[in-house]
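Visitor: I've never read a protein model before. Could you walk me through one, feature by feature?

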Amino acid sequence: MAEKPMFMPTQIPDDEDIVEEDNIRCLTMFGHFGFECLPHQLVNRSIQQGFSFNILCVGETGIGKSTLIDTLFNTNLKDKKSSHFYSNVELKIQTFELQESNVQLKLTVVKTVGYGDQINKEASYQPIVDYIDAQFEAYLQEELKIKRSFVDYHDSRIHVCLYFISPTGHSLKSLDLLTMKNIGSKVNIIPLIAKADTISKNDLQKFKCKIMSELVGNGIQIYQFPTDDETTAQVNSSMNGHLPFAVAGSMDEVKVGKRMVRGRQYPWGVLQVENENHCDFVKLRDMLLCTNMEDLKEQTHTHQYECYRCCKLQKIGFTDVGPDNQPVSFQEIYEAKRHEFCDQCQREEEELKQKFMQRVKEKEITFKDAEKELQDKFEHLKRVQQEETIKLEEEKRQLEEEIIIFYKMKAGSETLQTQGCTNIKKDKDRKK
């Protein structure tokens, strides 16, 4: 803790000690005031609040993503092995609370599942892009809230992407180039050659040069360790020349000489994970956790997120200057957008009204035509019915006349028959 500052009299500087530049006076102070303890206050508050760090691991199934994360943080995160039989690429998100000395770290690890296992790999990168954008969108929505709570808000934006490259020794796969090109502007990419113990040193160095040449040739952005800080400029500049890092991970302890080291035991020898002559694991750990963790978080906020935020707000219609290249306030933009929206709504309402009236008129015409057609059909059927009625009446009259004639003929026939019978009877009587 800093000593309690003593209050000492302040001397009024002479006119020579006052330098006016842009209406700012620079004064020479003759005492101790205590604001030199401000960095200590910030450190204490940061330690109390804790830190967060989000890592995205992209690589094929079984390439060693989980093992490397366990080795980086020297802990067993208890991750299950993934299957190769996934129809789509998925993301597995895990959050852990870690503590080293009195520093607490909230670590979020996002790993790809089923990456590179599909026959059609054209859209394998899309779930990764969607997830990164979703975290930016969530942070932007929190920023735009009236009542924000960044103290309790868990910032899930990806700070670094560890991209695992298969140790083929030849060149990058088309899937690697496509994925890194689509996420290069959204996240800090650190390319890693996985399972570095499967390739010789000479081939490994050629493979590194080939990878960097392909990345540059395809315009892919990767994270460059900053060289603007004098304390880390030399080591960061040196580490930029070692990219991509060739790494290998292991939580097993192997006896080498009289000491136990983390590594892998092979029939032909031992791979020591923390031996810089065997792999670049120590370089990665130092650059990622010890030297540049805060810079990765700052780059995420000031570059990748700001680019997303700028594009999103411009897409909505917000701008910093008006048509006359003069600064405009948020209220002016809001009022302008509100009037524009109201005018647009009114125009659309008028268009809908006109369309509605036009449709009504068209329907009225259609209904009138249909009504006229039905009326004509009704009149036609009515005429046909009348003609049929007249025809039936005529047939009925003819039938009645035929019936009358028939009855007359029947009566005449019966009369003739009666007369015939009488004559026959008379003839018989005469013969007797």
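Guide: We'll go from the overall outline to the sheets, the core and a few odd backbone spots.

Guide: This is a predicted model, so to speak of local features we need pLDDT of at least 70, and side-chain atom pairs count only at pLDDT 80 or more, while totals for chains, interfaces and linings use all residues. Residues are numbered from 1 along each chain as its sequence is written, and side-chain values use heavy atoms, with hydrogens and water left out.

Visitor: How many helices and strands does the protein chain have?

Guide: Helices (H or I, at least four residues) and strands (E, at least two) are DSSP runs, numbered from the N terminus. Here the protein chain has nine helices and 11 strands.

Visitor: And is the chain compact or spread out?

Guide: One handle is the radius of gyration, taken over C-alpha atoms, set beside a globule rule of 2.2 Å times the number of residues to the power 0.38. The protein chain comes out at 47 Å, well over the 22 Å that the rule gives for 432 residues, so it is more spread out than a compact globule. Its C-alpha atoms fill a box of roughly 180 × 80 × 45 Å along the principal axes.

Visitor: What share of the residues counts as buried?

Guide: Buried means under 20% relative accessible area, exposed means over 50%, and partly exposed is in between (1.4 Å probe, protein chains only). By that yardstick, 30% of the 432 residues are buried.

Visitor: Now the sheets. What order do the strands of the six-stranded sheet have?

Guide: Two strands pair if DSSP finds at least two bridges between them. The open sheet of six strands runs 4-5-3-6-7-8, with mixed pairing. Strand 4 (90–100) and strand 8 (245–246) stand at the edges with a single partner strand each, so one side of each has no neighbour in the sheet. Strand 4 pairs with strand 5 (residues 103–113) in the antiparallel sense over 11 bridges, and Gln-94 stands opposite Val-109 in strand 5.

Visitor: What about the sheet of three strands?

Guide: That open sheet has the order 9-10-11, with antiparallel pairing. Strand 9 and strand 11 (269–272) are at its edges, each with a single partner strand, so one side of each is left without a neighbour in the sheet. Four bridges join strand 9 (residues 253–256) to strand 10 (residues 259–266), and Val-254 has Val-261 in strand 10 as its bridge partner. These two strands form a hairpin with two residues between them, and Gly-257 in the turn has a positive phi of about 70°. Strand 10 also pairs with strand 11 over four bridges, in the antiparallel sense; there, the bridge partner of Gly-263 is Gln-272 in strand 11.

Visitor: Which residues touch the most other members of the largest nonpolar core?

Guide: In soluble globular proteins, nonpolar side chains tend to be buried together. A nonpolar core is a set of buried Ala, Val, Leu, Ile, Met, Phe, Trp, Tyr and Cys residues joined through side-chain atoms within 4.5 Å. The largest one here has 70 residues, and Leu-162, Ile-190, Phe-245 and Leu-284 touch the most other members. Helix 3 (residues 126–143) gives the most to this core, with seven residues.

Visitor: What is Phe-245 in contact with?

Guide: Contact means heavy atoms within 4.5 Å. Leaving aside neighbours within four places in sequence, the contacts of Phe-245 include Ile-190, Phe-225, Met-239, Asp-280 and Leu-284.

Visitor: Which residues of helix 4 are buried?

Guide: In helix 4 (residues 174–183), they are Leu-175, Asp-176, Leu-177, Thr-179, Met-180 and Ile-183. Their cover includes helix 3, strand 6 (160–165), strand 7 (189–193) and helix 5 (201–217).

Visitor: Last one: which backbone spots should I look at?

Guide: Most residues other than glycine have a negative phi, and most peptide bonds are trans. Yet the bond from Leu-243 to Pro-244 is cis, with omega near -10°; Pro-244 lies in the loop between helix 6 (233–240) and strand 8. Asn-74 has a positive phi of about 50° although it is not a glycine, and is exposed, at 53% relative accessible area. Ser-101, in the loop between strand 4 and strand 5, has a positive phi near 60° and is exposed too, at 68% relative accessibility.
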